[in-house]
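Please look through the structure shown below with some patience, taking one region at a time. The paragraphs that follow lead from a pair of helices to the ligand and then to the backbone of a few loops.

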Amino acid sequence: MKNILIIGSSGQIGSELSIKLRSIYGEANVVCGYYKPPFPDGFFEAGPTVEIDATDISQIAKVVKKYKIDTIYNLAAILSATAEKYPKRSWDVGLGSLMNCLDVARECKCAVFTPSSIGAFGSNTPKDKTPQDTVQRPNTVYGITKVMGELLSDYYFTRWGVDTRSVRFPGIISNLTHPGGGTTDYAVEIYYNAVRGEKFICPVKAGTFMDMMYMPDALNAAVNIMESDPSKLVHRNSFNIAAMSFDPEMIYSAIKKHYPDFVMEYDIDPLKQAIADSWPNSIDDTCAREEWGWKPEYDLEKMTANMITVLKERKNI
Ligand code: VAH
């Protein structure tokens, strides 16, 4: 049975990954490392939690040894738009934390999962069906930290045998914890505005296609890659995974089928637009499908129906 530490467990992915991992491995076997609020309801009652500043290696090492951790899910990151405003902090959080996790994992023989992103690609990467192995010269701090994270994680595997694995997440849409400071956040907030009966102001242009994924698929990817047979992995850091690619008009149309009077207008955020323009329109996830059986379950229509059902049932969203 695994003993897991999640670093960044109160974030958009971490808050739901902790629930998923505890349902699989048991509440006591998943330690939720957190750094700062906000915290989802019931966060501190659901199992072991510990405050960790992952930029301090001693704090990670202490928790790994105390709980006999064998798997670290390292989700510490500052998302793309915010990272452009705080590049040094983004580097420290993204890469300082990762290097610390890798060094502790090397000493304590832990496996390490660290998400990468479609943000690891840049403007001169092939935009449509971006290949698994291709040019990666992102021009954002977020993208640079993600490429460095991929290279570091592969280095620790080839040099010292640390079992590092990773996926390049698209924009993730979730109904529990809001993302913060991401270029794809619009695809989450639009659902909240629709269910509240409010107009939505979209910060990226019509025709701006990005890969997106519903949180349940993202969580399955994070679990399944770490459970996969290592002998079948040709790649490790990091796998392209895809579920759907859409632009603002497509998600708006999908929502209007449920809310015919819903109104969306545009007020372009130049920073988010520039970041989105540098990212792929769609990525090719053949390697993930072949090497560890990746397969998404949600498309835009199915995700939209579920998002609206869940948000309508929640009090004062
Ligand atoms: C962001 N949600 O927008 C993150 C993600 C691919 C997008 O990395 O920064």
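**Two helices in contact**

In this predicted model, helix α1, which covers residues 14-25, packs against helix α7, residues 215-227, at an angle of about 50°, and their axes are 10 Å apart. Angles from 35 to 65 degrees fall outside the roughly parallel and roughly perpendicular ranges, and α1 is therefore oblique to α7. The crossing of these two helices is right-handed. On the side of α1 the contact is made by Glu16, Leu17, Lys20, Leu21, Ile24 and Tyr25, while α7 contributes Met215, Leu219, Asn220, Ala222, Val223 and Glu227. Sorted by character, the residues of this contact comprise eight nonpolar, one polar and three charged.

**Around the ligand**

Turning to the ligand, we find that the residues around it include Leu79, Ser80, Tyr142, Phe169, Thr183 and Trp279. Which atoms of Ser80 lie 2.6 Å from an oxygen atom of the ligand? In Ser80 it is an N or O atom of the side chain, and Tyr142 likewise places a polar side-chain atom 2.5 Å from a ligand oxygen. Thr183, by contrast, brings a backbone N or O atom to 2.7 Å from an oxygen atom of the ligand.

**Backbone details in the loops**

Finally, the backbone deserves a careful look. Pro37 and Pro38 are joined by a cis peptide bond with omega of about 5°, and Pro38 sits in the loop between β2 and β3. Another cis peptide bond runs from Asn237 to Ser238, with omega near 20°, and Ser238 belongs to the loop between α7 and β12. Lys68, in the loop between α2 and β4, has a positive phi of about 50° although it is not a glycine.

Note on methods
Residues are numbered from 1 along each chain as its sequence is written. This is a predicted model: local features need pLDDT of at least 70, side-chain atom pairs count only at pLDDT 80 or more; totals for chains, interfaces and linings use all residues. Side-chain values use heavy atoms; hydrogens and water are left out. Axes are lines fitted to C-alpha atoms, for helices over the stretch in contact, and angles run from 0 to 180 degrees between N-to-C directions. Helices (H or I, at least four residues) and strands (E, at least two) are DSSP runs, numbered from the N terminus. Angles under 35 degrees count as roughly parallel, over 145 as roughly antiparallel, 65 to 115 as roughly perpendicular and the rest as oblique. A crossing is left-handed if the near helix is turned anticlockwise from the far one by less than a right angle, and right-handed if clockwise. Contact means heavy atoms within 4.5 Å. Ala, Val, Leu, Ile, Met, Phe, Trp, Tyr, Cys and Pro count as nonpolar, Asp, Glu, Lys and Arg as charged, and the others, Gly among them, as polar. A residue is near a molecule or strand if one of its heavy atoms lies within 4 Å of it. A polar contact is a pair of N or O atoms within 3.5 Å; within protein, one must be able to donate a hydrogen and the other to accept it, and residues adjacent in sequence count only if both atoms are side-chain atoms.
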